[in-house]
Structure formats: C-alpha cells, structure tokens
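Me: Please take a close look at a single part of this structure, and then connect it to the rest of the chain. I would like one continuous account, with each cut-off stated where its term comes in.

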Amino acid sequence: MRRLVNELMVPARGGCAFEIKKGQILRVVEIEGPQVGDFNAFNLHNFRERLDAPLSAALNSSFRHFTRLYTNEPRGRLMFTVVDDPTKVHYLSGGHCTILHYELIHGIKDHHNCYDILAKAVTPYGLTHYDVHGVFNFFMNVSYDANGRMIIRPPVAKKGDYMDVRAEMDVLGAIAACPGDINPTNGEDRVPKPLKIEIYEKE
Ligand SMILES: [Zn+2]
C-alpha cells in the first residue's frame, strides 16, 4: 500500500520543482495525452551532485529503456530505481530544447524552451541557468538512422500512462512540460500538454 503525499499539475509549456524524500515514489502522468517531461534532479543536500543522464545511459547500456538512474561523478551514486514503467520508451541522452535550438535549427526566435523553464523552476532554491543540467526525458521517443541522424517520433505513451521511479536519496526534482510544437516530440498533434506529478510514500 502507498499513500499520496503530494500532487502537482505542470501546465503546458510550464514547469515546477518539488522535493522527493528517500524511499518515496515519483509518478509522472500523461494526464491529457502524449507529452514529454524534461527532468532535472539534484541531491537535496548537495546541489553539486545531480542526475547524470549520459552516465545512466551508459550504465544501463541503453538510452531508451533502463532500470536505474545515477548521479554525476565523482559520486556516481544510485539516485532513482524504476519501479513501474508500462511504456518502456523514454530518452536518456541529456539533451533538452533551448532558445538556440529553435532559433538556429528552425528559425524561430524567443520560443518557449525547456532550458528556461527548468531554470525558472529551480530559482526558489537559489539555483540558476548554470545549474540546469542534462535531462532525463520522460516519454520521449527517439531513434537514430544508419547515419546516426536523430529521428523524433511521437511518444508511445497515451493518455493516462505513467512512469514510477523510487528515490534512493533525498532529491530536489524539476520538470518542464516540453513546449516543442514543431516535430512530433509531444504527439502527432504537435500540441504541448500538461503533465501531472504524484509523490507517494510507502505505508
Ligand atoms: Zn523541450
């Protein structure tokens, strides 16, 4: 049995920060349909120790499906264990969209972007753009062609799908509901949607 201790709505094109205590379970829910969540995580007691997506991909031998997420070196400690993951399609590259991404690749100025959304979310903790790090992309569906070119596909996740991860240390989490509306990052409809965050404690 587990008890809900916190729930938050992440508005479309918005973000938020929240604390997850060791042993609690973070659930990210596709509350209105396919939507990617760009996630940062810090050791709540030492913000220099943070989620390392590329290291986690290497240690799981996969950028798409995995069971454990680790912090950066030199600590390299277990930060989250996946406990329930019905869709099994996510992305652990570390990449997130930035204002440069939209301007240089797509020629669009001043587009909402995950980098700025995450920086704003962690401001109450005294953190800034310099502290935003490589993300774990909940529900993002990426593959590569024979030339290594990145192909962004719609999430496999549908409305109501979720992913549960258990915190293995006290964590400050921050998530951006990716505002991508140019490719199918957030579904065939290319419409950014909200996400829901739920945090559970074992009874
Ligand atoms: Zn984004």
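Reply: Arginine 190 is placed in the loop between E13 and E14, where helices (H or I, at least four residues) and strands (E, at least two) are DSSP runs numbered from the N terminus. The model is a predicted one, in which local features need pLDDT of at least 70 and side-chain atom pairs count only at pLDDT 80 or more, while totals for chains, interfaces and linings use all residues. Residues are numbered from 1 along each chain, as its sequence is written.

The backbone of arginine 190 has a positive phi, near 55 degrees, in a residue other than glycine. Arginine 190 counts as partly exposed because 13 other C-beta atoms lie within 10 Å; with C-beta atoms placed from the backbone, a residue is buried if 20 or more others lie within 10 Å of its own, exposed if 12 or fewer, and partly exposed in between. Lysine 88 likewise is not a glycine and has a positive phi, of about 60 degrees, but its place is in the loop between E7 and strand E8 (91-94), and it counts as exposed, with 12 C-beta neighbours inside 10 Å.

Of the two strands that flank the loop of arginine 190, strand E14 (residues 195-202) runs antiparallel to strand E3 (residues 25-29) and is joined to it by five bridges, two strands being paired if DSSP finds at least two bridges between them. Within this pair, arginine 27 has glutamate 198 of E14 as its bridge partner. E14 thereby belongs to an open sheet of six strands with antiparallel pairing, in the order E1-E14-E3-E12-E7-E6. At the edges stand strand E1 (2-10) and strand E6 (68-70), each with a single partner strand, so one side of each has no neighbour in the sheet. Neighbouring strands of the sheet are turned against each other by 25 degrees on average, direction ignored; the axes are lines fitted to C-alpha atoms, for helices over the stretch in contact, and angles run from 0 to 180 degrees between N-to-C directions.

On the other side of the loop, strand E13 (171-177) is among the elements that cover the buried residues of H3, together with strand E2 (15-20), strand E4 (37-43) and strand E9 (135-138). Those buried residues of helix H3 (residues 114-122) are Cys114, Ile117, Leu118, Ala119, Ala121 and Val122.

Leu118 also appears, with Met79, Phe136 and Val171, among the residues that touch the most other members of the largest nonpolar core, which has 50 residues. Such a core is a set of buried Ala, Val, Leu, Ile, Met, Phe, Trp, Tyr and Cys residues joined through C-beta atoms within 7 Å. Not counting residues up to four places away in sequence, phenylalanine 136 touches Phe39, Leu51, Ala53, Leu69 and Leu92, where contact requires C-beta atoms, placed from the backbone, to lie within 7 Å.

For the protein as a whole, the secondary structure comes to three helices and 14 strands. The radius of gyration is 16 Å, close to the 17 Å that the globule rule gives for 203 residues, so the protein is as compact as a globular protein of that length; this radius is taken over C-alpha atoms, and the rule is 2.2 Å times the number of residues to the power 0.38. Of the 203 residues, 39% count as buried. Among contacts between residues at least 6 apart in sequence, 71% join residues at least 24 apart.

Methods. Two residues are in contact if their C-beta atoms, placed from the backbone, lie within 7 Å.
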